[in-house]
Amino acid sequence: MFSRDFAWGAGSAAYQIEGGWQSDGKGPSIWDTFCHEKGKVFQEHNGDVACNSYELWDKDLECIQQLGLTHYRLSLSWARLLPDGTTRHVNQKGVQYYNKVIDDLLACNVSPMVTLYHFDLPQALQDQGGWKSAGIATLFDSYAKFCFETFGDRVKLWLTVNEPRVCAKMGHEDGIHAPGLKELGTTAYLVGHNMLRAHAMAWHTYNSFYRPKQKGAVSLAINSDWLEPLNPGCKEDIAATERDLAFTLQWFAWPVFVTGDYPEVMRSAIDTQSEKMGYSGSSRLPRFSKDEPAILGTADFFALNYYTSRKVKAGGDCGQMCMRSDQNAEEVLDPSWPISGVFWLAVVPTGLRKLLKYIKDTFNNPPVYITESGFSQVGPLQIKDVQRCEFYRDTILEMAKAIEEDGVNVRGYFAWSLLDNFEWTDGYSVRFGLFHVDFSDAMRSRTIYMSGEEYAKIIIKHKSAIDN
Ligand code: GAL
């Protein structure tokens, strides 16, 4: 049985749905720049218009109500609020837009969960070094303070950064996300470090100045697959899995929930590789300064984005000084796992239950929100998305088992995503929505998928089980 105040939500992110990339004084973000460069995104798609939620928010609200959600997760576009990234200039039209979204949600009895940063850094800040520069942490803190001050009377659930690992690795090492840097072996660690510093500063700001009055909760959204050794009897595979976990879930969760510092397995793997490659500088994994706000304890709940699982075996060192070699773990799929519309998303609901149990045991039984969980389709209209219906039924069942049988303190579930949207490098070719969006229609008409109806039924069933 789910608790009375269990959050039944769905999520979105500003760049993926809003459009209005130049409307009413918004500044450009790194995703605007990235998409406008040739060859970066599937068929040169971009988020200039996306679902046009900037103009069609009323339609989104109808979708939210149709699902019967108790919560809606959205992100704020930093560059819409602060066009050059700093509080020197506030774009009042942006403030008005988010005020309306928040007020409308509350008027419909839906609580907002707000992400401050979902991949879209103001380009003006990128021009000054972006997440690589140490100064970004204080700029983020000022932006966060501005948001707490402006919206915190009504927003009670905050996420500082979404998936720092994805920003750091895909944006700065693999170069397949904005800002598109391919700097191997150091930059991703530096970016992750600055994201943790930024997150911690914002958490302390909230804790000291806003929590007493606003009484909300702040965390960061950490993405992780469930990982297990390919051969559970093989020592090398077990060690590779530990390493893999250290470079994924623990990279951000360990400093915040356990020690205030990176997992030892991660540092020693990086340092060993540095030595092997004849690198003589100091550790490529930065160290936290004692003079800055502590990292430990800066999350009021665990926010997990879970999509899939992997089996892990030793190997992966490609002879270069890069994250792949440091991690030195090869991830493989179990042939029994069905694959969704995208190659990376094997459907493994049981992995969610195992990961939740692991989080309970490793991070001292924190309250957990599953801030993203979803299933992708490739291609055009397929309103009867039978597989996605099954996906939601199975996943929610595994979550229920984690709560009831394993005693995990899960407080909410956010399906990804409310609408089909701009799926980063895959553009509009990959659809995660509970609502279909017709991107060839100027009105971007939204139509509920069968899975949207299924999710609505699940929500009603659990709500009425409590009432009876
Ligand atoms: C996450 C991301 C979302 C969404 C999802 C599906 O990494 O936070 O914005 O795109 O993946 O791929």
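Q: In which loop is the place of Asn109?

A: In this predicted model, Asn109 is placed in the loop between α5 and β3 (111-117).

Q: What is the phi of Asn109, and how should it be read?

A: The general idea is that most residues other than glycine have a negative phi. Asn109 is not a glycine, yet its phi is positive, at about 70°.

Q: Which peptide bonds with Pro179 or Ser417 are cis, and what are their omega values?

A: As a general rule, most peptide bonds are trans. Here, the bond from Ala178 to Pro179 is cis, with omega near 5°. Pro179 belongs to the loop between α8 (164-172) and α9 (187-214). Trp416 and Ser417 are also joined by a cis peptide bond, with an omega of about 20°. Ser417 is found in the loop between β12 (410-415) and β13 (430-431).

Q: Which residues surround the ligand?

A: A residue is counted as near the ligand if one of its heavy atoms lies within 4 Å of it. The ligand is surrounded by Gln16, His118, Asn162, Glu163, Tyr307, Trp344, Glu372, Trp416, Glu423, Trp424 and Phe432. Trp416, one of these residues, is also a partner in the cis bond to Ser417. By class, the shell holds 5 nonpolar, 3 polar and 3 charged residues.

Q: How far from an oxygen atom of the ligand are the polar side-chain atoms of Asn162, Glu372 and Glu423?

A: Such a pair of N or O atoms is read as a polar contact when it falls within 3.5 Å. For Asn162, a polar side-chain atom lies 2.9 Å from a ligand oxygen. The distance from a polar side-chain atom of Glu372 to an oxygen of the ligand is likewise 2.9 Å. In the side chain of Glu423, an N or O atom is 2.5 Å from an oxygen atom of the ligand. Taken alone, the ligand exposes 310 Å², of which the protein buries 93%.

Q: In which pocket does the ligand sit?

A: The ligand occupies the largest pocket.

Q: How many salt bridges does a search of the whole structure find, and where does the one between Asp104 and Lys100 lie?

A: The search finds 29 salt bridges. One pairs Asp104 with Lys100, whose closest N and O atoms are 2.9 Å apart. Both residues lie in helix α5 (residues 92-107), 4 residues apart, about one turn of the helix.

Notes: Residues are numbered from 1 along each chain as its sequence is written. This is a predicted model: local features need pLDDT of at least 70, side-chain atom pairs count only at pLDDT 80 or more; totals for chains, interfaces and linings use all residues. Side-chain values use heavy atoms; hydrogens and water are left out. A polar contact is a pair of N or O atoms within 3.5 Å; within protein, one must be able to donate a hydrogen and the other to accept it, and residues adjacent in sequence count only if both atoms are side-chain atoms. Accessible areas come from the Shrake-Rupley method with a 1.4 Å probe; for residues, only the protein chains shown count as cover. On a 1 Å grid over the protein atoms alone, a cavity is a set of points where a 1.4 Å probe fits but cannot get out, and a pocket is an open set with protein on both sides within 12 Å along at least five of seven lines; lining residues have an atom within 4 Å of a point. A molecule sits in a cavity or pocket if more than half of its atoms lie within 2 Å of its grid points. Ala, Val, Leu, Ile, Met, Phe, Trp, Tyr, Cys and Pro count as nonpolar, Asp, Glu, Lys and Arg as charged, and the others, Gly among them, as polar. A salt bridge is a side-chain nitrogen of Lys or Arg within 4 Å of a carboxyl oxygen of Asp or Glu. Helices (H or I, at least four residues) and strands (E, at least two) are DSSP runs, numbered from the N terminus.
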